[in-house]
Structures are given as structure tokens and as C-alpha cells.
Amino acid sequence: PKPGGQARELLSEQGGDVARRGQEFGSEAQGGAGEWLDKSRELFEEQTQRLMSAFEAGRDAMREEIRRGSGQNG
């Protein structure tokens, strides 16, 4: 057993180490979350662009069919 002062000092040092490790872990987790958010945002933008392209292609095809149909009936 250590005297009270030494025990408190040792506990304080160990507590500081735990706090530092906790901060490091938190920073790493925050960085990882930021990367995940960036990747998710990129994927969302890609999927949105694909959807818009498909929508425009469908709209153009529909207009073409309407144009063709109008030409046959007149």
C-alpha cells in the first residue's frame, strides 16, 4: 500500500491517461463519422444524378412516342 498522497497522485496520473485516451478515441470516431458522412453524401448525389438522367430519358422517349403518334394520325 502507498501513502495517501502517492496513491492520489498515481490515481490522478492514471485518470489523466484514461481521459487522454478517451479524447483520442472521440476524435478518431468523429473523424470516421465525418468520412462516412462525406461518402454517404457522394453516394446520394450519384444516385440522384442517375435518377434524374433516367427520368429525363423516359420523358424524352415519351415525347418522341407522342410526336410519332401525332404524325401517324394526321
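Partly exposed, as used on this tour, means a relative accessible area between the buried limit of under 20% and the exposed limit of over 50%. The model is predicted, and the stops below are its salt bridges, of which the structure holds 6.

**Stop 1: Asp 17 and Arg 20.** Select these two residues in helix 1, which covers residues 4-73. They form a salt bridge, and the closest N and O atoms are 2.3 Å apart. The two positions are separated by 3 residues, about one turn of the helix. Color by accessibility next: Arg 20 has a relative accessible area of 45%, so it counts as partly exposed. Asp 17, at 32%, is partly exposed as well.

**Stop 2: Asp 38 and Arg 41.** Stay in helix 1, where this pair also sits 3 residues apart, about one turn of the helix. Their side chains meet in a salt bridge with an N to O distance of 3.7 Å. Asp 38 is partly exposed at 41% relative accessibility, and Arg 41 is partly exposed with a relative accessible area of 43%.

**Stop 3: Arg 59 and Asp 60.** Select both side chains and show the distance between their closest N and O atoms: the salt bridge here spans 3.9 Å. Arg 59 has a relative accessible area of 30% and is partly exposed. For Asp 60 the value is 44%, again partly exposed.

**Stop 4: the network.** Which residues are linked in a network of salt bridges? Select Glu 64, Glu 65, Arg 67 and Arg 68 together; salt bridges link these four into a network.

Notes
Residues are numbered from 1 along each chain as its sequence is written. This is a predicted model: local features need pLDDT of at least 70, side-chain atom pairs count only at pLDDT 80 or more; totals for chains, interfaces and linings use all residues. Side-chain values use heavy atoms; hydrogens and water are left out. Helices (H or I, at least four residues) and strands (E, at least two) are DSSP runs, numbered from the N terminus. Buried means under 20% relative accessible area, exposed over 50%, partly exposed in between (1.4 Å probe, protein chains only).
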